[in-house]
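Reader: Hi! Could you take me on a close look at one strand in the middle of this fold, covering its partners and its surroundings?

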Amino acid sequence: MSEGWTQGNQLEFGGRTRTYAVYTPPEGEVRGMVMALHGSGESVEYMVSELGAESTADENGLVVVAPSGVDYAWNDEDPPGDGLADDVGFIDALVTEIQTLHPSIPDNQVFAHGFSNGGGLATRLACESRQIRGVGVVGNYYMSFDGACPRPSGGVVPGWFGAGLEDELVRVESVREGLSDYVVDLTDCPATGSLQPIEVADLSNGVVCKQLSGCDLARMCEYDDRGHEMLPGSFTAAWRFLNAAVE
């Protein structure tokens, strides 16, 4: 694991000992937090290696927390019970734990960034978390559950979605379609117009970002020649969007 990460941290929650790794910027005041959520079957160590978050964390004063799902997976759609983990509750408790250690973190600078199964949990956090104020989702999409999106954190929850155009597991069409539902459920935008390309600074070659006309609180970025993977630069792109959206 890269220098600056501490492993083996523990939090007792829901009758389980949950573990997580933390990256803390070496200097200056901590000004934000991102929960980095691995994909199904992946380890925290692999997530950290693929995330590439350290330089962005150092430049912007971010604590990055990489928790481990139960049996390397997240409960991204079912209510807790019958052995299913309350992962929304766990992430909220973990945010509280980290904010106790770093009280300088503003409440509106607490985000989640997840890949695949972890991206599915990120969409649940957008709807159900009391702590998460914006989400980045890679290799997954938002599904509306008949208005069952209570938003206990209050206000809007900006969302950034990254999609590989060659992803055969999560088709880009699903991400595009889900963006409209996300806007309806989690923003205060008055309408969900058509998807339109937008100009975004410092994009890598082969990346095109789009937003629904009339709404700048949800964005998707499409990556050419990329499949079901942690998209390069997605952590930084998502954080920049979310940070600007909550200011």
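Author: Happy to! Two strands count as paired if DSSP finds at least two bridges between them. The model here is a predicted one, and the strand to look at is β6, residues 135-138.

Let's start with its partners. On one edge, β6 pairs with strand β5 (residues 110-115) through four bridges, in the parallel sense. Within that pairing, Gly-136 of β6 has His-113 opposite it. To get from β5 to β6, the chain passes through helix α4 (residues 117-128), and this β-α-β crossover is right-handed. Strand β6 is also joined to β7 (residues 159-164), again by four bridges and running parallel. There, Val-135 has Gly-159 of β7 as its bridge partner.

Now for the faces. In a regular strand, side chains alternate between the two faces of the sheet. In β6, Val-135 and Val-137 lie on one side, with Gly-136 and Val-138 on the other. Buried here means under 20% relative accessible area, and these four residues are all buried, so both faces of β6 are covered.

What lies around the strand? The largest nonpolar core has 45 residues, and Ile-132 is among the members that touch the most others, along with Met-35 and Val-65. Val-138 of β6 belongs elsewhere: a second, separate core of 30 residues includes it, together with Ala-66, Val-207 and Ala-238. As general background, nonpolar side chains in soluble globular proteins tend to be buried together.

Terms used:
Residues are numbered from 1 along each chain as its sequence is written. This is a predicted model: local features need pLDDT of at least 70, side-chain atom pairs count only at pLDDT 80 or more; totals for chains, interfaces and linings use all residues. Side-chain values use heavy atoms; hydrogens and water are left out. A nonpolar core is a set of buried Ala, Val, Leu, Ile, Met, Phe, Trp, Tyr and Cys residues joined through side-chain atoms within 4.5 Å. Buried means under 20% relative accessible area, exposed over 50%, partly exposed in between (1.4 Å probe, protein chains only). Helices (H or I, at least four residues) and strands (E, at least two) are DSSP runs, numbered from the N terminus. A crossover is right-handed if, with the strands pointing away from the viewer, the path from the first strand over the helix to the second runs clockwise.
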